Amino acid sequence: MTRSHNRSSLTHRLRYAARNPRRIVPFLRRTARDWRLRQQTGGDHIAYYRAVMKSDTARNPRGAVGTPTQERWNALGKMQFDYLISHGLSPADHVLDIGCGNLRAGHHLIRFLEPGNYHGLDISPDILLAAQRTLTEQGLQARLPYLTLVNDLRLAHLPAGHFQVVHAHSVFSHSPLEVIEECFGHVGRVLAPGGYFDFTYNRTGGPEHQVLREDFYYRPGTLLALAAAHGLEAHVMDDWEELPHQQSKIRVRAADTQTVASGT
Ligand SMILES: C[S@@+](CC[C@H](N)C(=O)[O-])C[C@H]1O[C@@H](n2cnc3c(N)ncnc32)[C@H](O)[C@@H]1O
């Protein structure tokens, strides 16, 4: 699959508009809204993206996490859950879901894990309220998940060495490199020995770019090198590429726990 288009280039935009004329007005509306939100939030990415989520969630919480229909929301949540199961997730594991949204994958994880073993965090109060609604609709109150609002990805409120699985689906696809770097700088502390951190991202084979500061496109080598610079061992998950999903996935482990796990 080729993912080399630079979506910020004028040529790409004009070609896309010619192919999808009905999307021109919504795109212009989104461009105007995003410009206004960027002015209001003064260059702070987290404040800006929180405002984007507020606006999108008010319209449709399922759409705010990228799947406007119930059918697609169900499919994308199940895909994430099935992938973790196929990689050996156990009910006794502790899972940290970074950018948990309205529990698209979270509700499967909460049902599967032992009570109290699911921790979701997000920068958006509006989507966390939607997450509470999902929890109620799904009848999962007794599973006692943790849902926490955060301002950054320093993970300072979480215990060291606690999580067998840390998961961030479709979060770094909306994150500038400094946000990803902040996460890499702290995720190793909360990983249990042998634990891993999976994240998806928009892959490009061409120049790295962003669109409206909402969607970010990275070369895999950039993220692998950044992980290594933070003492993490990272590799591309080839089996994820077989699934019908636009983004790619990388798995990261703390380099020292990798040594413990392999006994070398
Ligand atoms: C596309 S949604 C995906 C939600 C969920 N992971 C899923 O797959 O259903 C992205 C989510 O990440 C959250 N988010 C974006 N940047 C974040 C950050 N730096 N820290 C925590 N959450 C973030 C957004 O508020 C949003 O809920």
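Helix 3, spanning residues 45-59, contributes the most to the shell around the ligand in this predicted model, and its share amounts to three residues. The shell as a whole holds 23 residues, and those that come nearest to the ligand are Gly99, Gly101, Arg104, Ser124 and Ser170. In chemical character the shell around the ligand is divided among 13 nonpolar residues, eight polar residues and two charged residues.

The annotated part of the chain can be considered next. According to the UniProt record, which is an unreviewed entry, residues 96-197 carry the annotation "domain: Methyltransferase type". Within this span, helix accounts for 33% and strand for 25%, while the C-alpha atoms at the two ends of residues 96-197 lie 9 Å apart.

A helix pair deserves a closer look. Two packed helices are described by the angle between their axes together with the distance between those axes. For helix 8 (residues 177-190) and helix 9 (residues 220-229), the axes come within 9 Å and cross at roughly 35 degrees, and the crossing of helix 8 and helix 9 is right-handed. On the side of helix 8 the contact involves Ile180, Glu181 and Phe184, which meet Leu223, Leu226 and Ala227 in helix 9. The residues of this contact comprise five nonpolar, no polar and one charged.

Turning to the chain in full, its secondary structure comes to ten helices and nine strands, and the C-alpha trace spans about 55 × 40 × 35 Å along its principal axes. A compact globule of 264 residues would have a radius of gyration near 18 Å, and because the chain has 18 Å, its value agrees with that expectation.

Technical notes
Residues are numbered from 1 along each chain as its sequence is written. This is a predicted model: local features need pLDDT of at least 70, side-chain atom pairs count only at pLDDT 80 or more; totals for chains, interfaces and linings use all residues. UniProt positions are given in the numbering used here, feature names are shortened, and annotations may be inferred rather than shown by experiment. Helices (H or I, at least four residues) and strands (E, at least two) are DSSP runs, numbered from the N terminus. A residue is near a molecule or strand if its C-beta atom, placed from the backbone, lies within 6 Å of it. Ala, Val, Leu, Ile, Met, Phe, Trp, Tyr, Cys and Pro count as nonpolar, Asp, Glu, Lys and Arg as charged, and the others, Gly among them, as polar. Axes are lines fitted to C-alpha atoms, for helices over the stretch in contact, and angles run from 0 to 180 degrees between N-to-C directions. A crossing is left-handed if the near helix is turned anticlockwise from the far one by less than a right angle, and right-handed if clockwise. Two residues are in contact if their C-beta atoms, placed from the backbone, lie within 7 Å. The radius of gyration is taken over C-alpha atoms; the globule rule is 2.2 Å times the number of residues to the power 0.38.
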